[in-house]
2 protein chains.
Amino acid sequence: MAGLIGTVTLNLALDVTYHVDEFVVGGSHRVTETRQRAGGKGVNVARVAATLGHQVLALGFVGGLTGEIVAEELFDAGLTALLTPIAGETRRTVAIVNGTDGDATIFNEKGPSVSPDEWRAFHDRMPWARLGVLACSGSLPPGLPADAYAELAVRARHHDVLSVIDVGGDALLAAARAGAVVRSNAAELRDALSADISVEEGARQLVDLGATAAVTTDGPRGMVAASKLGSWRALPVEQVAGNPTGAGDACTAVVAAAVAESPKPDWSEVLKSAVAASAAAVLTPVAGDIDLAAYRRWQPQVAVQSL
Amino acid sequence: MAGLIGTVTLNLALDVTYHVDEFVVGGSHRVTETRQRAGGKGVNVARVAATLGHQVLALGFVGGLTGEIVAEELFDAGLTALLTPIAGETRRTVAIVNGTDGDATIFNEKGPSVSPDEWRAFHDRMPWARLGVLACSGSLPPGLPADAYAELAVRARHHDVLSVIDVGGDALLAAARAGAVVRSNAAELRDALSADISVEEGARQLVDLGATAAVTTDGPRGMVAASKLGSWRALPVEQVAGNPTGAGDACTAVVAAAVAESPKPDWSEVLKSAVAASAAAVLTPVAGDIDLAAYRRWQPQVAVQSL
């Protein structure tokens with residue numbers, strides 16, 4: 001099970017999607033279609049990695065009856081999960097999709113607070129010996145220390161497991177210092193380092209801080225990876241129209257899968273798969289899904305430059 | 001327990017209310033406050049009757065984890081419930097309250113279907129011997145016969161229990177023919193009988209059809225009651241601004257409580273309490289609540305005319 005990808009979603013949610021014929025502010029609407037599934041960036045990573053044929057283990061907190069629904073849905077989706085119970089109730093997000101234009105209006109409940117004891121219980125059940133990599137994504141629930149991801153990265157390294165951490169702000173710098181493979185987008189990178197830095201230079205600075213590698217999505221300009229061996233830019237395959245939510249999570253899934261197979265992957269090759277997976281995610285309407293045929297078609301076509 | 005009020009909510013729901021600072025169509029919103037409680041017109045009737053000091057028993061269908069949340073919330077609210085399990089998942093409604101103007105935008109999930117076996121199970125557990133009255137309110141879930149309320153009224157009468165039925169359309173006429181006390185608003189009454197009928201004449205026609213009594217809310221013009229002994233109009237106490245949702249349910253609660261105490265109440269007295277309770281419901285922001293102090297202040301002031 002050296003290839004097992006542990007995906008951490010500290011702020012798991014139940015994502016509810018309502019379709020209505022015509023959204024009218026102040027109106028009363030009959031919901032024509034209801035969908036709900038487990039959500040949070042780490043769950044998207046798990047779904048994409050599983051779709052690409054990798055073994056995944058979804059990790060996170062669940063509480064209350066909403067937490068039970070989340071656990072059920074992960075099970076129904078075929079995702080093995082190891083969930084830590086908490087006293088609070090798992091949060092919901094509600095997306096209203098307007099039938100006239102397809103636009104979504106989103107409402108995010110505040111997540112439950114996680115106590116120090118619950119955070120300790122989460123660590124205690126980490127199956128380190130089974131993990132090939134630990135992929136951590138998304139916001140932190142109230143109650144957890146700001147450096148929670150860096151703490152996980154340090155513990156992972158202690159068990160000889162590499163971690164891939166998708167986060168912004170100071171937590172990005174802390175994850176780099178803890179030796180993780182760090183994932184971010186260009187805005188998060190500039191927010192953490194400096195407003196006028198190039199993505200290439202920013203990725204290199206994260207490696208200088210201690211990151212094993214830095215992989216940064218750069219919107220329509222592709223992606224950049226940096227490690228101690230060099231840095232690379234992958235160009236996008238073609239302009240893809242669709243739903244960009246989940247594109248970054250598809251990238252994280254590919255990076256985590258590569259690291260699970262080898263702690264020192266060929267980053268120019270990883271970028272090819274990451275760009276193809278991100279574009280294939282944009283084609284699907286729901287975050288966490290990717291268009292596998294498009295991924296396979298695009299993957300060999302991605303151009304990568306050594307910087 | 002002759003005074004026990006059984007409240008029937010065949011289309012029970014979990015009512016979720018989200019408060020947001022500023023509602024923007026197509027935007028992503030942080031929910032600043034989340035409330036959820038059991039909903040459906042019959043639950044509002046139960047809450048108001050309990051607030052007025054009556055013994056209530058909430059009856060309905062629950063399914064899935066949302067059904068469990070509904071059952072928990074009824075318990076937490078101190079409402080005794082006798083719920084029939086169904087295979088489908090209890091529906092949710094989501095109301096988004098906009099912080100800038102207090103307006104609510106509402107999304108109603110389609111309810112679960114109820115099978116003939118589940119409808120039979122509902123009948124089988126009816127505690128007729130304990131009931132003083134059966135109050136039925138609100139829409140029917142898919143799967144139930146259109147004359148479900150009339151069927152309940154006939155069974156109730158067979159057990160010497162009077163029923164109070166708040167419904168519109170053909171079901172209103174069927175309930176009248178089944179000998180129930182029928183509750184409706186002016187629009188429902190005209191919709192069922194004829195567009196240009198007066199509320200007074202409409203109420204009398206329902207009694208002629210077989211209704212034990214007919215109590216019709218007439219918006220700002222007050223309320224009308226008719227029985228074989230006569231008909232009465234109660235005038236509103238004063239113009240009350242607020243949330244009219246639940247005002248009709250407060251009227252039904254008062255009517256049910258009166259019938260539970262005596263099968264032949266003094267309808268002019270019942271109207272006084274019904275008008276006061278409806279106005280006291282408008283003062284509160286949530287359907288099912290009433291302002292008890294306002295109710296007590298207004299109840300003696302209501303003017304009733306014999307027609």
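**Close-up views of a predicted two-chain model**

**View 1. Strand pairing between the chains.** S3(A) and S8(B) run parallel to each other and are joined over three bridges, in a model that is predicted. Within this pairing, Arg30(A) has Asn108(B) of S8(B) standing opposite. The two strands belong to an open sheet of five strands with mixed pairing, whose order is S3(A)-S8(B)-S7(B)-S2(B)-S4(B). Because strand S3 (28-30) of chain A and S4 of chain B each have a single partner strand, they stand at the edges of this sheet, and one side of each is left without a neighbour in it. When direction is ignored, neighbouring strands of this sheet are turned by 15° against each other on average.

**View 2. A helix across the sheet that S3(A) joins.** Helix H2 of chain B, made up of residues 64-76, lies across S2, S4 and S7 of chain B. The helix runs at about 85° to S4(B), the strand that stands at one edge of the sheet, with S3 of chain A at the other.

**View 3. The sheet that S3(B) joins.** An open sheet of five strands follows the order S4(A)-S2(A)-S7(A)-S8(A)-S3(B), and its pairing is mixed. Strand S4 (33-39) of chain A and strand S3 (28-30) of chain B are its edge strands, each with a single partner strand, so one side of each is left without a neighbour in the sheet. From one strand to the next, the twist averages 15°.

**View 4. Parallel strands S2(A) and S7(A), with helix H2 of chain A.** Strand S2 of chain A (residues 13-20) pairs with strand S7 of chain A (residues 91-98) in the parallel sense, and eight bridges connect them. In this pair, Asp15(A) has Thr93(A) of S7(A) as its bridge partner. Helix H2 of chain A (residues 64-76) packs on the sheet and touches S2, S4 and S7 of chain A, while its direction makes about 85° with that of S4(A).

**View 5. The annotated domain of chain A.** An unreviewed UniProt entry lists residues 17-285 of chain A as "domain: Carbohydrate kinase PfkB". Over residues 17-285 the chain is 38% helix and 26% strand, and the C-alpha atoms at the two ends of this stretch are 12 Å apart.

**View 6. The second largest pocket.** This pocket holds about 1,000 Å³ of space and has a lining of 38 residues, of which Asp15(B), Thr93(B), Ile106(B), Thr245(B) and Ala287(B) lie nearest its centre. At least two lining residues come from each of strand S2 (13-20), strand S4 (33-39), helix H1 (41-51), strand S7 (91-98) and strand S8 (104-108) of chain B. Sorted by class, the lining comprises eleven nonpolar, 18 polar and nine charged residues.

**View 7. The largest cavity.** Five cavities of 30 Å³ or more are counted in the model, and the largest cavity contains about 60 Å³ of space. Its lining is formed by Leu10(B), Asn11(B), Leu12(B), Phe61(B), Ile86(B), Thr90(B), Arg91(B), Pro112(B), Val114(B) and Pro141(B). By class, seven of these lining residues are nonpolar, two are polar and one is charged.

Key. Residues numbered from 1 in each chain as written. Chains lettered and ligands numbered in written order. Predicted model: local features only at pLDDT ≥ 70, side-chain atom pairs only at ≥ 80, totals over all residues. Heavy atoms only, no water. 1 Å grid on protein atoms, 1.4 Å probe; cavity = no way out; pocket = protein on both sides within 12 Å on 5 of 7 lines; lining within 4 Å. Points joined across faces, edges and corners; volume = space filled by probe spheres on them. Nonpolar A, V, L, I, M, F, W, Y, C, P; charged D, E, K, R; others polar. Pairing = 2+ DSSP bridges. Helix = DSSP H or I, 4+ residues; strand = E, 2+ residues; numbered from the N terminus. Axes fitted to C-alpha atoms, helices over the stretch in contact; angles between N-to-C directions. Contact = heavy atoms within 4.5 Å. UniProt positions renumbered as here; feature names shortened; annotations may be inferred.
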